[in-house]
Amino acid sequence: MTGFGSQHVALLMLLGLAACAGARQPATDCPAPAVIIDIGHTAVAPGATAASGATEHSYNHRFAALLAKTLQNQGRTIHTVEITGPDPRLDRRVEEIRSITYGITHSLVLSVHHDSVQERYLKSRLVDGVERLYTDTATGFSLFVPAETAVAGDSLAAARSIADRLIAAGERPSRHHAEPIEGENRRLLDQERGIYAGDFLKILRTAEAPIVLLEIGVIKNPADEQRLSDPSTATAVAEAIAGGATLPCRVTSPSAARIPG
Ligand SMILES: [Zn+2]
């Protein structure tokens, strides 16, 4: 009995040690990263056109403001990147993101976009007497991350965290970017969570801090557009993304060396 008791005590000690080891770096102790919200496209180069005729940029702008407010209400530090004026060059955006993230020790870039589909899936209909293109095929969110750079691991971890929150909030991932057709054929990194390799996008390929490009939903699909235009749905989506905007404790971004511990 004594032997059994000793083993029992040893087992308890082992379990205690394991619990302590596990308790040293629980996710809740990780510092929340500052979030750089990049508003996709510009007023003069507004991206996709929604089924209603509204521009993607107007959707990006509105959702970015909601996301910023949600993060600020949670006490998070945010910065917003918005390219204005007649020059919509992507290099301006890349440079601005780089200059902001360079000065922050722990940051996550979220580039806000709304999605469309390839031309072959477009149909035509009249909206308020105006002919508009729409689709009834793809629906849902897609997340793009760099897969071949130094920040790939942390970007994927952040995308998984965001996707899990979105799915828990009732959103569904779209796999239409993986379809083997011209213009798509994107590599799925996580099929269950709708996460794709996005190294073909300069903003992701050049990022020096962890980054996730969010396609919030397919605004070319009238059902998705209507749903995402509803303030309560948009608020729930913003809260899900804000809650998921985390990074692993071990950060591999170039600024990681400045993080204490
Ligand atoms: Zn876009």
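**Aromatic contacts, helix packing and selected residues**

Phe144, Tyr196 and Phe200 form one aromatic cluster. The model is a predicted one, and this cluster makes a convenient place to begin. A pair of aromatic rings is described by the distance of the centres and the angle of the planes. Counted in this way, the structure holds 2 aromatic pairs. In one of them, the ring centres of Phe144 and Tyr196 are 5.0 Å apart and the ring planes meet at 20°; the pair is therefore stacked, since planes under 30 degrees apart fall into that class. The two partners come from distant parts of the chain, with Phe144 in strand 6 (residues 142–145) and Tyr196 in strand 8 (residues 195–197), 52 residues apart. Both sides of the stack are shielded from solvent: Phe144 is buried at a relative accessible area of 4%, and Tyr196 is buried at 0%.

Phe144 also takes part in a pair with Phe200, where the ring centres lie 6.0 Å apart and the planes stand at 80°, so the arrangement is edge-to-face. Here the threshold is an angle over 60 degrees. Phe200 sits in the loop between strand 8 and helix 5 (202–205) while Phe144 belongs to strand 6, so this pair ties together parts 56 residues apart in sequence. Phe200 counts as partly exposed, with a relative accessibility of 37%, whereas Phe144 is buried.

Strand 6 offers another residue worth a look, Ser142. This serine is buried, with a relative accessible area of 0%. Beyond its sequence neighbours up to four places away, Ser142 touches Asp115, Ser174, His176, His177, Gly194, Tyr196, Leu213, Leu214 and Glu215. Tyr196, one of these contacts, is also a member of the aromatic cluster.

Charged side chains meet aromatic rings as well. The charged end of Arg62 sits over the ring of Tyr59, at 4.9 Å from the ring centre. Likewise, Arg125 lies over the face of Tyr134, with a distance of 5.2 Å to the centre of the ring. Tyr134 is placed in strand 5 (residues 130–134) and is buried, with a relative accessible area of 17%; the value falls under the 20% limit for that class. When residues up to four places away in sequence are set aside, the contacts of Tyr134 are Ala51, Tyr121, Leu122, Lys123, Ser124, Arg125, Lys220 and Pro222. Tyr121, one of these partners, lies 13 residues from Tyr134 along the chain, and the C-alpha atoms of the two tyrosines are separated by 8.2 Å.

The packing of helices comes next. Helix 4 (residues 152–168) packs against helix 7 (residues 231–244) at an angle of about 145°, with the axes 8 Å apart. Their crossing is right-handed. On the helix 4 side, the contact involves Ala158, Ser161, Ile162, Arg165 and Leu166, which meet Val237, Ala240, Ile241, Gly243 and Gly244 in helix 7. Sorted by class, the residues of this contact are 6 nonpolar, 3 polar and 1 charged.

Ser107 gives a further view of the buried part of the protein. This residue lies in strand 3 (residues 107–115) and counts as buried, at 3% relative accessibility. Apart from neighbours within four places in sequence, Ser107 is in contact with Pro33, Ala34, Ile36, Thr101, Ala209, Pro210 and Leu247.

Two loop residues deserve a friendly note for anyone checking the backbone. His41 is not a glycine, yet has a positive phi of about 70°. The residue is found in the loop between strand 1 (34–39) and helix 2 (56–73) and counts as partly exposed, at 25% relative accessibility. Asn185, also not a glycine, has a positive phi of about 60°. Its place is in the loop between helix 4 and strand 7 (188–190), and Asn185 is exposed, with a relative accessible area of 54%.

Finally, the overall picture can be set around these details. The protein contains 7 helices and 9 strands. Of its 261 residues, 44% count as buried. Among contacts between residues at least 6 apart in sequence, 75% join residues at least 24 apart. The stacked pair of Phe144 and Tyr196, at 52 residues apart, likewise links distant parts of the chain.

Methods: Residues numbered from 1 in each chain as written. Heavy atoms only, no water. Phe/Tyr/Trp six-rings, centres within 6.5 Å; stacked < 30°, edge-to-face > 60°. Helix = DSSP H or I, 4+ residues; strand = E, 2+ residues; numbered from the N terminus. Buried < 20%, exposed > 50% of the residue type's maximum accessible area, 1.4 Å probe, protein only. Lys NZ or Arg CZ within 6 Å of the ring centre and 35° of its normal. Axes fitted to C-alpha atoms, helices over the stretch in contact; angles between N-to-C directions. Left-handed = near helix turned anticlockwise from the far one by under 90°. Contact = heavy atoms within 4.5 Å. Nonpolar A, V, L, I, M, F, W, Y, C, P; charged D, E, K, R; others polar.
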